[in-house]
Amino acid sequence: MRNSISMLRFAPTLAAAAALPAVLAAPSAAVSGISVSTTGSSVSVVTSACTQINGSWGTAALLTSSQANFAQGRQVALSGTTISQSAAWSKVSPGTYTVVVVCSSGSTAGSQSVIVSAGSSPTLAATSRPGTTTSTTRPASPNRGVNGGLGGAVRDYGPLTLGAGAALVGAGAVTAAWCLRRRTKPSRY
C-alpha cells in the first residue's frame, strides 16, 4: 500500500519528465540540416540528411542574392557516404550567398546564408636550407572563427536523438530526487 501511495505522489513529476523530450525536441526541428563553411574563396556544405537513391545523394546549389530559385544557382552533386554528404564550390567571388541542399528524394535538407569576403593570401618566408629562403603562400584563414553552439557539431542529430537524451537526463533527475527524498525519511521497519 505504501509503495502505491509513493508512486501517486510522483505521478506529476513522472508525467513532466515524460513530456520533457517533446518540449526540448520541438525547437530543434527548425535547425537547418546543413553546415556551411568558407575558406578563402571556397564554400563547402556538409549534411547527413540525404539518402542515396539510384546512385545519387542529391544536389547543392550556391545562389547569389539576385537569384530566386534553386535552378538558377551553381549546382554541384553531393558526394559521400551514409554518414555524411558534401559539396564544394571554388573561386567564389566575394558577396553574400545562400546554399540550398536538395536530396535525391526531392526533400530540402536545408538552406543557409554565407558571406564570402575578399581575403588576401598571406605570404610566409620559409627556410628550406641554411642560407636560402623561399616564399610560400598559404590560403587565408576563415574570418568568422569557430561556429559554436547548436550548429557547431560535426553531425546534426535529429529531434528523436535529442528527445531520447533529454528523457535520459529527466529520468536521472527524477531518480536522484526520489533517492534523496527516501534517504531523508526515517525507516519504519
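Over residues 121-139 the pLDDT stays under 50, and because pLDDT is the predictor's confidence in each residue, on a scale from 0 to 100, this part of the predicted model should be read with care. For residues 121-139 the model has 21 contacts beyond four places in sequence. A second stretch, residues 23-31, also has a pLDDT that stays under 50, and for residues 23-31 the model has five contacts beyond four places in sequence. Taken over the whole protein chain, the average pLDDT is 73, and 60% of the residues score at least 70.

With that caution in place, we can turn to the overall layout. The protein chain has two helices and 10 strands, and, read from the N terminus on, its elements follow the order α-β-β-β-β-β-β-β-β-β-β-α. Among the contacts between residues at least 6 apart in sequence, 54% join residues at least 24 apart. Of the 189 residues in the protein chain, 22% are buried, while the accessible surface comes to about 12,600 Å², with 60% of that surface belonging to carbon and sulfur atoms.

One pair of strands can be followed in detail. Strand S7, which covers residues 95-103, and strand S8, which covers residues 108-116, pair in the antiparallel sense over eight bridges. Which residue in S8 is the bridge partner of Gly95? The partner is Val116. S7 and S8 form a hairpin with four residues between them, and in the turn Gly106 has a positive phi of about 100°.

Strand S7 also leads to the disulfide, of which the structure holds one. A disulfide is a covalent bond between the sulfur atoms of two cysteines. Here the two cysteines are Cys50 and Cys103, whose sulfur atoms are 2.0 Å apart. Cys50 lies in the loop between strand S2 (42-47) and strand S3 (58-64), whereas Cys103 lies in strand S7, so the disulfide ties together parts that are 53 residues apart in sequence. The torsion about the S-S bond of Cys50 and Cys103 is about -75°, and the disulfide is therefore left-handed.

Are the cysteines of this disulfide buried or exposed? Cys50 has a relative accessible area of 3% and is buried, and Cys103, with a relative accessible area of 5%, is buried as well. The cut-off that matters here is 20% relative accessible area, under which a residue counts as buried. Cys179, at 36% relative accessibility, counts as partly exposed.

Conventions
Residues are numbered from 1 along each chain as its sequence is written. This is a predicted model: local features need pLDDT of at least 70, side-chain atom pairs count only at pLDDT 80 or more; totals for chains, interfaces and linings use all residues. Side-chain values use heavy atoms; hydrogens and water are left out. Two strands pair if DSSP finds at least two bridges between them. Contact means heavy atoms within 4.5 Å. Buried means under 20% relative accessible area, exposed over 50%, partly exposed in between (1.4 Å probe, protein chains only). Accessible areas come from the Shrake-Rupley method with a 1.4 Å probe; for residues, only the protein chains shown count as cover. A disulfide is a pair of cysteine sulfur atoms within 2.5 Å.
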